[in-house]
Amino acid sequence: MVVGVVGSVLIYFIITIIRYQRRSLRLHKEKIQAEIDTLENERTRIASDLHDELGPLLSAVKLQINSLDAANDLDALTIMKSSTHIDSIITKLREISNNLMPNTLVRKGLQKAIAEFVEQSNQTTQSSGLQVKFICEQSLNLNQQKEINIYRIIQEIVHNTIKHAQASCLIIKMVIEENRLLLMTADNGKGFDYFLKIKDNPGLGLRNLQSRAEVMGAELSCQSEPGKGTMYTFEIPL
């Protein structure tokens, strides 16, 4: 009798603890998702402002400058230089707007957006010698939240590789196995002590990767050692 009561009490407490842990995990994920949604909404708003307001305004200024009558060669040269500078600013604004919220991601989906981002990255990293390669031979059908999170993860890894890895090659591969999507990246850079980095100072980049993985219910693993490059694997449930 006593053993049965004690057993029932233990089972009750175990069930209560499990429920509490599940509730805490759900609330934690909801908090992270709310933060990510706020960030993405703000990025979308800024991208729209840059594209729809500043872009046309600069184009109008350029048109007005080009319509000026040059009194002499010096004025003509000044007008030409000003017009060229405005063109550069417009191009930079488009790049910033696209990084904030890529039109290709919205219009054509994740694979096209990653391929376009990789192509742009290769153009900008020619001087550093880094070559980024993207491999995905299967068709993906993901919801918008997953697409945005995966795109941001790849953005973060590419930027980190450019900034810190001193690598000449970065491979990004996505493959579907059973009911999960595997996202794998590997570079041949200088590497780092992942566990020491996580323990001492994870940095904003690593925290972003962890947060994005967590809200997708994905498992993140990293293999990296000084002098042996870095390899990330994300197992994302579909």
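In this predicted model, threonine 185 has its place in strand E3. Because its relative accessible area is 3%, and a residue counts as buried under 20%, threonine 185 is buried. When residues up to four places away in sequence are left out of account, threonine 185 touches Ile157, the run of Leu170, Ile171 and Ile172, and also Thr230, Met231 and Tyr232. Of the elements concerned, helix H5 spans residues 144-165, strand E2 spans 169-177, and strand E5 spans 230-237.

A comparable description can be given for valine 132, which lies in strand E1. With a relative accessibility of 3%, valine 132 likewise counts as buried, since the limit for that class is under 20%. Its contacts, once neighbours within four places in sequence are set aside, are Val118, Asn122, Leu170 and Ile172. Valine 132 and cysteine 169 are separated by 37 residues in sequence, yet their C-alpha atoms are 5.9 Å apart in space.

The side chains of strand E1 alternate along its length: Val132 and Phe134 point to one face and are buried, whereas Gln131, Lys133 and Ile135 point to the other face and are not buried. Strand E1 runs parallel to strand E2, and the two are joined by five bridges. In one part of this pairing, phenylalanine 134 has isoleucine 172 of E2 as its bridge partner. Together with helix H5, the strands E1 and E2 make a β-α-β unit that is left-handed.

The wider setting is given by the nonpolar cores. The largest of these has 39 residues, and those with the most contacts inside it are Leu110, Ile150, Ile172, Met174, Leu183 and Phe234. At least two residues of this core are supplied by each of the helices H1, H4, H5 and H7, and likewise by each of the strands E1, E2, E3 and E5. Helix H5 provides the largest share, which amounts to eight residues. A second core, separate from the largest one, has eight residues, among them Ile65, Ile86, Leu93 and Leu100.

Isoleucine 150, one of the residues with the most contacts inside the largest core, illustrates how distant parts of the sequence are brought into contact. Apart from residues up to four places away in sequence, isoleucine 150 touches Leu110, Leu142, Met174, Leu181, Leu183, Met216 and Ile236. Among these partners, Leu110, Met174 and Leu183 are themselves listed with the most contacts inside the largest core.

Conventions: Residues are numbered from 1 along each chain as its sequence is written. This is a predicted model: local features need pLDDT of at least 70, side-chain atom pairs count only at pLDDT 80 or more; totals for chains, interfaces and linings use all residues. Side-chain values use heavy atoms; hydrogens and water are left out. A nonpolar core is a set of buried Ala, Val, Leu, Ile, Met, Phe, Trp, Tyr and Cys residues joined through side-chain atoms within 4.5 Å. Buried means under 20% relative accessible area, exposed over 50%, partly exposed in between (1.4 Å probe, protein chains only). Helices (H or I, at least four residues) and strands (E, at least two) are DSSP runs, numbered from the N terminus. Contact means heavy atoms within 4.5 Å. Two strands pair if DSSP finds at least two bridges between them. A crossover is right-handed if, with the strands pointing away from the viewer, the path from the first strand over the helix to the second runs clockwise.
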